[in-house]
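Got your viewer open and a free hand on the mouse? Let's take a walk through this structure, one selection at a time.

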Amino acid sequence: MSLPTLPTAPLGSDGPAVGVQGLGCMGMSEFYGPTDTAEALATLDAALDAGVTLFDTADIYGAGRNEELIGPFVRANRDRVVVATKFAVERRADDPSYRGIRNDPAYVHAAVDASLRRLGVDVIDLYYMHRRDPAVPLAESVGAMAELVKAGKVRHLGLSEVTGAELREAHAVHPIAALQSEWSVFARDVERSAVPAAAELGVAFVPYSPLGRGFLTGSFGAAEELAADDVRRTQPRFTGANAAANATLLDPLRSIAEARGVTLAQVALAWVHQRAEVHGLTVIPIPGTRKRTRLAENTAAATLRLGADELAALEPVAGRVTGDRYPDMSFTSVGRE
């Protein structure tokens with residue numbers, strides 16, 4: 001499959017240049033229903049051909065299986081791939097529903113060694129703290145992460161779902177290359193403090209779920225339409241009356257898409273990409289997909305520019321969304337602001 005090559009942008013002040021759109025690999029192993037593994041692996045190759053160089057995983061995805069899945073691809077293309085993974089969300093084999101948050105230094109060191117082993121690499125390009133445990137001083141957690149850089153196990157550090165104040169505190173301990181949090185035309189709470197802090201510090205912003213977990217593509221209208229094990233069935237904005245109300249908010253995206261001859265997904269992604277100009281920082285969204293056709297659709301949005309009238313039509317959407325992003329918002333940045 002021949003795709004146009006993406007432009008690049010720096011991953012933080014001192015990080016590598018990466019394609020301006022990355023690839024979220026989570027759904028290849030868990031959370032969004034059945035996966036065609038062969039097609040998922042083919043999508044990795046197609047992404048690299050298109051200029052996608054930032055590939056995002058985490059130790060929680062598939063309880064480590066996602067790191068193992070993409071490991072051979074990363075190793076085969078090591079000089080071209082920037083691999084990002086994460087620690088902090090603890091799972092238990094005897095309780096699949098358990099999710100604990102650990103930021104203590106001992107866990108940081110154990111987690112990175114496990115991720116290196118599963119990926120089969122000597123160094124992780126970008127290592128994120130996936131979620132913040134307020135009970136552990138941030139200086140201790142980031143200090144332990146800095147030790148990984150000194151040891152040559154990690155090249156750059158990242159944080160996920162932290163507030164602007166937390167980002168500043170962490171950056172004072174060790175430079176932070178990237179902040180990953182949910183950001184889309186449906187979810188803009190990061191603009192309160194995290195985005196301004198990232199812009200001030202020269203930290204790249206890596207929006208996850210820039211397509212609202214697929215809702216912004218119009219591919220489903222309510223969680224009840226999804227597979228029984230799909231995680232979106234537990235997320236308030238996709239269920240019941242919330243889903244019905246939120247579906248009507250797609251109308252301005254649909255109008256723009258029809259007028260432009262593009263898809264809803266491309267409109268939503270173009271909006272995210274243009275946040276870079278609006279807020280004065282590097283923005284590298286990581287839409288997740290397991291299919292080459294969706295990959296081509298997503299990467300094409302990186303060079304789609306929305307006009308002032310179109311941006312104005314999308315401006316009020318997030319403020320009208322009903323339902324939280326997660327059943328428990330305490331482990332998100334907005335939950336601590």
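At the start of α1, which backbone nitrogen does a side-chain oxygen of aspartate 36 reach? Select both ends: the oxygen comes to within 3.2 Å of the backbone nitrogen of alanine 38. That fits the cut-off for a polar contact (N or O atoms within 3.5 Å, one able to donate a hydrogen and the other to accept it; residues adjacent in sequence count only if both atoms are side-chain atoms).

Before moving on, some ground rules. This is a predicted model, where local features need pLDDT of at least 70 and side-chain atom pairs count only at pLDDT 80 or more, while totals for chains, interfaces and linings use all residues. Residues are numbered from 1 along each chain as its sequence is written, and side-chain values use heavy atoms, leaving out hydrogens and water.

**Stop one: helix α1.** Select residues 37–49. Helices here are DSSP runs of H or I with at least four residues, strands are E runs with at least two, and both are numbered from the N terminus. The end C-alpha atoms of α1 sit 19 Å apart, which agrees with the 18 Å expected for 13 residues, the expected span being 1.5 Å times one less than the number of residues. Now colour its buried residues: Glu39, Ala40, Thr43, Leu44, Ala46, Ala47 and Leu48. Buried means under 20% relative accessible area, with a 1.4 Å probe and protein chains only. Their cover includes β3, β4, α2 and α11. Just after the helix, glycine 51 has a positive phi of about 100°.

**Stop two: the core.** Pick Phe55, Phe87, Leu167, Phe186 and Phe205, the residues with the most contacts inside the largest nonpolar core, which has 84 residues. Such a core is a set of buried Ala, Val, Leu, Ile, Met, Phe, Trp, Tyr and Cys residues joined through side-chain atoms within 4.5 Å. Helix α9 (264–273) gives the most to this core, with 8 residues. A second, separate core of 17 residues includes Val18 and Tyr128.

**Stop three: the rings.** There are 5 aromatic pairs to find, counting Phe, Tyr and Trp rings (six-membered ring for Trp) with centres within 6.5 Å. Try tryptophan 183 with phenylalanine 205: this pair is edge-to-face, 4.9 Å centre to centre with 65° between the planes, where edge-to-face means over 60 degrees. The two are 22 residues apart in the chain, and both are buried. Finish with Phe186, Phe215 and Phe238, which ring pairs link into a cluster.

How values were computed
Buried < 20%, exposed > 50% of the residue type's maximum accessible area, 1.4 Å probe, protein only. Contact = heavy atoms within 4.5 Å. Phe/Tyr/Trp six-rings, centres within 6.5 Å; stacked < 30°, edge-to-face > 60°.
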